[in-house]
Every structure is written in structure tokens, then in C-alpha cells.
Amino acid sequence: MTPCKRGKKAPAAAGVDRISALPEEILHHVLSFLPAQEAVRTCLVAPGWRHLWKFTTGLRIVEFEGARSVKDVREFVDYLFILRGYGDLNTFEVELSEFSEEDVLYVNLWTRFAVFCKVRALTLHLHDNKFLNIEGQPLVSRDLRTLDLRGVCLRMAFLDFSSCPALEDLKMQYCQIDVDKISSLSLKRLSIIFCRSDQSHRVRVSAPCLISLTLDSFAGRTPLLESMPMLETAVVELGRACSDFCHNYRNQGFCGANGSRCVYCFSYNGQSSNTVLLGAIYNAKHLRLMSPLGMVIFARDLKSCPTFSKLKTLLLNSYWCVGPDFDALTCILKHSPVLEKLTLQFAFEEQEHKVEIKGSYSSTEKPTGISEHLKLISVKYTVVDDRVLQLLKFMCTFNIRFSFE
């Protein structure tokens, strides 16, 4: 036999099944990335594969070969659970496009089945034009670490995670949140994107160990955030569907009326907390705060403005840059003593900025009450208009010097 040349491997023998030679634990892991229907079909690959699919570490109930709705897969999933049994799961995912009222019971049973199998990451995505009602009883699991929800209606005590001590990640997109409180002592990352609540009162968020928060385009009354002392990064973007707006807003500010026409300008309806958002996120190192004009939440929170003692980077939109006094911008700058980078964005969400002007704080002149650590100020806009010119002129009063390149 002619030896192989140095540095080259001998070609594999034809017909050798190297995949089947892999350890079963690896095969179980690989099969968990397939749609459940495909994973089951691997029982036909070879005699040794007949029962491999029963021990996969994950189940994916997703659209497959024309099966788009819950009804299309119900019978398959029933047999899948019976034949697979209650072996532990790392991941369980349901992602389908359609459901009917009679499907609600099935989806709730699938969810409880996954929890019974000690699932660590549970994903439930429904892409219908209505919300699927999740039963109101709280989840009970010592293993659940990640919960990802889309297109579901959350009611009663479902978002009470006191019985889920390992939960660290909670994501909700396009969900109806009709609960009094979202609470968890273990949660580290929370994302609420394009969700809504039709309740007259605010949803309270109690997550004292949170390190990352995203609250984007919430429809209805803005959730009330409780203390988050460990928070590092927060993105809060109020959308146009937010109901906390001033009915009499004009370009120069809020009316402050206390009549029925403008109840949100007047008070927080007797809430004991002085702030809705800023009083909980002031410990963050990185903040992105954006709002359409006319929303009152940030403006009212600033009346009890906390000191952002750890804040390093801050991004604000044009909501904060209303002249001629720029009260909101002035307030937050004077309460951010260690701020290093400030970005002011005038471009609308659907637009990209075309021009960017950069500036820096001049420490050689007399103090102005803002952070002496401010190294970079960036102003992004699409067109130069009076608002931008007025802002640049105002920033110069804080010893900010801009360079036009």
C-alpha cells in the first residue's frame, strides 16, 4: 500500500456513516435544532436512529410543509408527547401563524408539558392578527431561565415569577399585558416591545436584580417601574400609541391643566411614586430615552428628577430639545455628573441622519453645572433647520464647542 504524503489525510472509505458514529448526546443535541416533524423522520435513517428523536434536548413546533396553524399540528403534537414521554428539555419552541379559539387549550397544555419536562428556555410565538389567551396561573419551575413570548394575551398572575427562581431573561413582543404586576427577584434582562395594555391603571414592574431593560413602543398607559438598583443599560422609547399625552400640547410645552381635558398633565392619579420611569433607571450607565412630542411622562418625571450618578452615555431625541429654554435637556444634563458621551438625534425613526456634528466640553472656561467628564457631544440630523441652529447656540452656553468638518 502506498503511504499517504505528509500533511494529507487518507480519503474516507466510501459508504462509511461517520454521523452515526458520533456520541448519542451529540446526536440528541443536533436533532433538537430540527423542526419536530423532521426530527421524528430521522427514525428512518438507520436502525440505530429509530429512537434517537425521543431523547432530543429540544422540541420545535414550527411551520413545516404547509402546516401553518395550531390546528394543523395538534394531532402530531399529541402523539409526539405520548411517544416521547417526560424526558428533560433544554428548549421548547412553538412558532405558528394561525390559531382559533378551540386551539387555546392545546397551546396552554403544551406550555405546561414543557414546564413539567424542566424546560430551560421556553419560546411561544403566534403570528396571528389576534392574541392567544394564556391561562392566568403563574408558572412554577425551578429550571426555567428564558421565556420568550409573542402574540399572546397575559392575564391575572401569569407574570408573577416568584415560583421561577432561576428565570433571568423575559422577552415580550406584540403581547397584550393585562396584569397588575410583572414581578421577579431573579430577572436580569427584560424586553417589552410593541406590547399593549387596555387597563386604566399602570402595569407595575418589580425586578430589583435587572441589569438590562428595553421598553419600546408600549400602547396604553406607560408601565410604572419600581427600583432597579443593579441596572446597567436601559432603552426606553415611548411610541405614539402611548396614552400619556397632553391634550393641549403646543410646540412650546405642556399646558399643566388640571381639568378633565388633560388629566395626564395634572397628576399620576394618586400614585405614591413621584416618577413612572426615571426614578427606577437612574443607576444605569447607558441610557437611550426617546419620545414623540406631546408625551408627558418624561416631562413630569423631571419634576422629581433623580441624580444619574453612574451615567456614562446618553442618547436623546428631539423631544428633549425643545427651545427656547431647553428645560428638559438642561435638567438631565445637570443631574448627570459623570456623563462622558451625549448624542442628540433629530432624525425621525424612519429616517437615517444625513449630517452629524461633533463637539466637546471646554474645561478651560468657567464651570456651567454639567459634567466636566463630557468628552463627546454628537448632534445627528437630516436637515439644518431652526431647531438645530437654536440647539447648537444653546449648547455653547455650556462651554460646548462644535467643529464643522
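In this predicted model, strand β14 (residues 233-237) and strand β15 (residues 286-290) pair in the parallel sense, joined by five bridges. Within this pairing, Val235 stands opposite Arg288 of β15. Strand β15 is also joined to strand β16 (residues 313-317); these two strands run parallel and share four bridges. Arg288 takes part here as well, with Leu315 as its bridge partner in β16. The residue Arg288 thus serves as a point of reference on β15, with Val235 opposite in β14 and Leu315 as partner in β16. In a regular strand, the side chains alternate between the two faces of the sheet.

From Leu315 the reader may proceed to Thr343, which lies in strand β17 (residues 341-345). Thr343 touches Leu314, Leu315 and Leu316, and it also touches Ser378 and Lys380, when residues up to four places away in sequence are not counted. Is Thr343 buried or exposed? Its relative accessibility is 7%, and because a residue under 20% is classed as buried, Thr343 counts as buried.

A second buried position is found in a helix. Gln37 belongs to helix α2 (residues 36-41). With a relative accessibility of 12%, Gln37 counts as buried, since the cut-off for that class is under 20%. Leaving aside residues up to four places away in sequence, Gln37 touches Arg60, Val62, Phe64, Val73 and Phe76.

The packing of helices can be followed in another part of the chain. Two packed helices are described by the angle between their axes and the distance between the axes. For helix α8 (residues 327-334) and helix α9 (residues 386-395), the angle is about 35° and the axes are 12 Å apart. The crossing of α8 past α9 is right-handed. On the α8 side, the contact is made by Leu329, Thr330 and Leu333, which meet Leu391, Phe394 and Met395 of α9. Five of the residues in this contact are nonpolar and one is polar, while no charged residue takes part.

These elements belong to a protein chain with nine helices and 20 strands. The chain has 405 residues, of which 49% count as buried. Among contacts with a separation of 6 or more, 58% are made by residues 24 or more positions apart. The area exposed by the protein chain is about 20700 Å², and carbon and sulfur atoms supply 53% of that area.

Technical notes. Residues are numbered from 1 along each chain as its sequence is written. This is a predicted model: local features need pLDDT of at least 70, side-chain atom pairs count only at pLDDT 80 or more; totals for chains, interfaces and linings use all residues. Side-chain values use heavy atoms; hydrogens and water are left out. Two strands pair if DSSP finds at least two bridges between them. Buried means under 20% relative accessible area, exposed over 50%, partly exposed in between (1.4 Å probe, protein chains only). Contact means heavy atoms within 4.5 Å. Axes are lines fitted to C-alpha atoms, for helices over the stretch in contact, and angles run from 0 to 180 degrees between N-to-C directions. A crossing is left-handed if the near helix is turned anticlockwise from the far one by less than a right angle, and right-handed if clockwise. Ala, Val, Leu, Ile, Met, Phe, Trp, Tyr, Cys and Pro count as nonpolar, Asp, Glu, Lys and Arg as charged, and the others, Gly among them, as polar. Accessible areas come from the Shrake-Rupley method with a 1.4 Å probe; for residues, only the protein chains shown count as cover.
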